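Welcome, and please load the structure into your viewer. We will go through it selection by selection, with a short comment at each stop.

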Amino acid sequence: MNSEIGKTTIDILEEMVRLAGERLSPQAGERRLRAVARENPGVEVDVLWEQEAIGSVHYDALLRVPGQGTVSVGYCPDRGVPWALRGAFRWSENEMLRVNDKRMTIPDVVALLDFLWDTPHLTDRLVETALVAEALEREPAAFEPTREELQAAVDGFRKRRGLFSAEATMQWLEQHGTTLQSLEKLVDGFARAAKLRERVTAGREEAYFAAHRADFAEAVIARIVVPGRERALALCAGLRAGEVDLLDAATMALRAPHRADLPWQQPPPLLARVRRGDLPGERAVAVFGAAPGTVLDPVETPAGHEVLVVRAIEPATFDAATRRAVRDRLFEVWLAERRSAATIEWIWGQQP
C-alpha cells in the first residue's frame, strides 16, 4: 500500500475511535478528520457523517491518491450499526424519490426543476455550489463562522421562508425530508460561503463600480401586462394621449379574465426599480434612453404583452445597496472564471 494513504488510513481510523468517545457536533468531528488528512497532502479526503436520534455520530471517510485508488475508512462502536447496513433496502443509485410506488430518478427531478424554474438553472447552481465547497475545503479555518454569523444565517434562512416559529420550522423539515442536523450543516455552509464572498470581493468594489458605472444606473418603471398585442397597443395610445389613468389601467388588467392559451403567472408589481445591467440589451437601451413619462412600445412576454412606462431615471451612486450589487457581480465573475477552468462530469446522463 502507498505509504501516504496507508499512514493517513491509520491516522483517520485512530481519530474516529477518539471521536466515538466524545460528544462533539458532526461539523466539529468532520473538521477534526479533515485536519488529520491535511497532514498528508498527497491524500484527498471526503468525510460523510450520520447522526442518530440519540446523539451519536457515525463517520465514514474516503481517502484518495490521484492516479492510484480510494480507501474507505469507517469505525462502528460496540452495539452500533455499521454504516453499510444503516437503513438498508434495495435501491438504484439513480433514484432520488419514491412516492407510493412511483419512482423518480435524479435526471427526471433536475430536468423538471429546470423546466419549472426557468432561471437560474439548477444544474448551474449545482456546479457553482461544488466550486464554492471546493474553495472552502482548502482553507476551512479561514472561513470558520462565529456564533453571531451562524445565528444571522439561521435567522435569514427562516425569514426568507416564513418560518417564524419552532413548529413551522419542524414542519418545513418534515415536508422536505431533512433533519435539524442537516439544516444546521446547510446553514453552516451558507455562513462560510458568505465569508468566502467577502474575501473574494473585499477592496474591489469601488474600482469595479467606476469601470461599470452605467450598469448600476436605476430606473423607476411601471409595468402592466395585458393579453393580446392589439389591446396592448390601444393601452399605449391611451396612456400617451392622457386618456387612460395608469392605476385604473393596472386595476383593469388584473381584473381581466385569464386567457386559456397563456400560462398563469403572478403579474409583476405595478412599480419597480431596475438596474440597467439587469435588463436585456435592447430593453436597457429603450428604458434608459427614454425621458421620464415615456410609454414604451409593448413587448411580448410569457404572460402576455407588457406595457412599460418610464417614471424616473436615476444615475448610479455608490451607496450600500449598490455596494451589495457590485459584490454580487464580482462573485458571479469569480464563479464563472472557476467554472471555465473546471472539469465537470455529469455522472447521470449527459450535460444539459
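What percentage of the 352 residues in the protein chain is made up of buried residues? The share is 33%. Keep in mind that you are looking at a predicted model.

**The whole chain**

Begin with a cartoon view of everything. The secondary structure of the protein chain consists of 12 helices and nine strands. Now switch on a surface: about 22400 Å² is exposed, and 54% of that comes from carbon and sulfur atoms. If you like contact maps, here is a number for yours: taking contacts between residues at least 6 apart in sequence, 61% join residues at least 24 apart.

**The largest nonpolar core**

Next, select Ile12, Met16, Leu33, Val45, Tyr59, Ala61 and Leu63. These belong to the largest nonpolar core, which has 17 residues, and they are the ones that touch the most other members. Colour the elements that supply at least two residues each to this core: α1 (3-20), α2 (26-38), β1 (44-51) and β2 (57-65). Which element gives the largest share? That is β2, with five residues.

Stay here and centre the view on leucine 33. Setting aside neighbours within four places in sequence, leucine 33 has contacts with Ile12, Glu15, Met16, Leu19, Val47 and Tyr59. Show those side chains as sticks to follow the contacts one by one.

**A second core**

Apart from that core lies another one, of 14 residues. To find this other core, select some of its members, including Ala222, Ala250, Val295 and Val307.

**The aromatic rings**

For the last stop, display the aromatic side chains. How many aromatic pairs does the structure hold? There are six. Zoom in on tyrosine 208 and phenylalanine 216: their ring centres are 6.5 Å apart and their planes stand at 75 degrees, so this pair is edge-to-face. Angles over 60 degrees count that way.

Are these two residues buried or exposed? Tyrosine 208 is buried, at a relative accessible area of 14%, and phenylalanine 216 is buried too, at 1%; the cut-off for buried is under 20%.

Keep phenylalanine 216 selected and add phenylalanine 209. Here the centres of the rings are 6.0 Å apart and the planes make 45 degrees, so the pair is tilted. Both phenylalanine 209 and phenylalanine 216 are buried.

Finally, add Phe318 to the selection. Ring pairs link Tyr208, Phe209, Phe216 and Phe318 into a cluster.

Conventions
Residues are numbered from 1 along each chain as its sequence is written. This is a predicted model: local features need pLDDT of at least 70, side-chain atom pairs count only at pLDDT 80 or more; totals for chains, interfaces and linings use all residues. Side-chain values use heavy atoms; hydrogens and water are left out. A nonpolar core is a set of buried Ala, Val, Leu, Ile, Met, Phe, Trp, Tyr and Cys residues joined through side-chain atoms within 4.5 Å. Buried means under 20% relative accessible area, exposed over 50%, partly exposed in between (1.4 Å probe, protein chains only). Helices (H or I, at least four residues) and strands (E, at least two) are DSSP runs, numbered from the N terminus. Contact means heavy atoms within 4.5 Å. Accessible areas come from the Shrake-Rupley method with a 1.4 Å probe; for residues, only the protein chains shown count as cover. Rings of Phe, Tyr and Trp (its six-membered ring) pair if their centres lie within 6.5 Å; planes under 30 degrees apart count as stacked, over 60 as edge-to-face and the rest as tilted.
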